[in-house]
Amino acid sequence: MTAAQVVIYTDGACKGNPGPGGWGALLQYNGHEREISGGEAQTTNNRMELTAVIRALESLRRRCPVAIYTDSQYVKNGIQTWIHTWKRNGWRTADKKTVKNADLWQELDRLASKHDISWHWVRGHAETPGNHRADELANQGVDSVR
């Protein structure tokens with residue numbers, strides 16, 4: 001029997017970049033929904049985008065098929081394309097600079113390897129209900145630290 005797919009919508013927000021930030025995720029599974037969010041007093045938008053996906057994957061209890069929807073090209077391109085070169089180059093970019101947010105990329109890479117993930121980009125602030133809710137949760141995360 002194949003496990004049902006978990007659908008995850010994630011978003012990050014930052015008021016100032018850097019500044020107070022928040023992350024949010026909406027997880028949907030077998031007719032159920034779970035919302036998670038949080039914030040940091042001093043961070044960046046990209047760190048919050050990554051943190052949203054990390055926290056969502058951490059909340060899963062066993063290996064399963066997962067569809068992740070993000071409005072962050074940074075997250076989607078990073079995990080699907082750039083990360084392979086970064087790992088090969090010892091977490092350095094093509095121009096030999098240290099990869100920004102390497103700690104979070106390494107954690108995301110570890111967690112992603114535990115699931116069968118399909119990555120999807122959605123336009124931010126469009127009419128995608130799950131993305132809209134993740135955005136609201138991320139902004140709640142910002143408010144929790146201001």
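Start by selecting β2 and β3: the two strands form a hairpin with 2 residues between them, and Asn 30 in that turn has a positive phi of about 50 degrees. Keep in mind while you click around that this is a predicted model.

**Stop 1: the β2-β3 turn**

Zoom in on Asn 30, which sits in the loop between β2 and β3. Asn 30 has its positive phi although it is not a glycine. Why flag that? Most residues other than glycine have a negative phi. Is Asn 30 buried or exposed? Asn 30 has 57% relative accessibility, so it counts as exposed.

**Stop 2: along the hairpin**

Now colour residues 32-43, which make up strand β3. β3 pairs with β2 in the antiparallel sense, over 10 bridges. For a spot to pick out, select Gly 22 and look across to its bridge partner in β3, Gly 39.

Next, show β2 on its own, residues 19-29. How many of its 11 residues are buried? The count is 9, so β2 is mostly covered by the cut-off of under 20% relative accessible area.

**Stop 3: back to β1**

Add strand β1, residues 6-14. β1 and β2 run antiparallel and are joined by 9 bridges. Click Val 7 and you'll find Gln 28 of β2 standing opposite.

β1 and β2 also form a hairpin, this one with 4 residues between the strands. Two things to select in that stretch:

- Gly 16, which takes a positive phi near 95 degrees.
- Pro 18, found in the loop between β1 and β2. The peptide bond leading into Pro 18 from Asn 17 is cis, with omega near 15 degrees.

As a reminder for that second item, most peptide bonds are trans.

**Stop 4: Thr 10 and its surroundings**

Stay on β1 and select Thr 10, which is found in that strand. With 0% relative accessibility, Thr 10 counts as buried. What does Thr 10 touch, not counting residues up to four places away in sequence? Its contacts are Gly 24, Ala 25, Ala 52, Val 53, Tyr 69, Thr 70, Asp 71, Asn 131 and Ala 134.

One of those contacts takes you to the next strand: Thr 70, in β4, is the bridge partner of Thr 10.

**Stop 5: β4 and β5**

Select residues 65-70 for strand β4. β4 pairs with β1 in the parallel sense, over 5 bridges. Then add strand β5, residues 116-121. β4 and β5 run parallel as well, with 6 bridges joining them. Val 66 is a handy anchor: its bridge partner in β5 is Ile 117.

**Stop 6: the whole sheet**

Show the five strands together. What order do they take? The open sheet reads β3-β2-β1-β4-β5, and its pairing is mixed. β3 and β5 stand at the edges with a single partner strand each, so one side of each has no neighbour in the sheet. Turn the view to look along the sheet, and you'll see a twist that averages 20 degrees from one strand to the next.

While the sheet is up, add helix α4, residues 129-143. Helix α4 lies across β1, β2 and β3, and runs at about 140 degrees to β2.

**Stop 7: the largest pocket**

Switch to a surface view. The largest pocket holds about 370 Å³ of space. Its lining has 14 residues, and those nearest the centre are Val 6, Tyr 29, Ser 59, Leu 60 and Arg 61. β2 and β3 are the elements that give two or more residues to this lining. Colour the lining by residue type and you get 7 nonpolar, 3 polar and 4 charged.

**Last stop: Trp 91**

Finish on Trp 91, in the loop between α2 (73-88) and α3 (102-112). Trp 91 has a positive phi of about 60 degrees, although it is not a glycine. Is Trp 91 buried or exposed? Trp 91 is buried, with a relative accessible area of 17%.

Terms used: Residues numbered from 1 in each chain as written. Predicted model: local features only at pLDDT ≥ 70, side-chain atom pairs only at ≥ 80, totals over all residues. Heavy atoms only, no water. Buried < 20%, exposed > 50% of the residue type's maximum accessible area, 1.4 Å probe, protein only. Pairing = 2+ DSSP bridges. 1 Å grid on protein atoms, 1.4 Å probe; cavity = no way out; pocket = protein on both sides within 12 Å on 5 of 7 lines; lining within 4 Å. Points joined across faces, edges and corners; volume = space filled by probe spheres on them. Nonpolar A, V, L, I, M, F, W, Y, C, P; charged D, E, K, R; others polar. Axes fitted to C-alpha atoms, helices over the stretch in contact; angles between N-to-C directions. Contact = heavy atoms within 4.5 Å.
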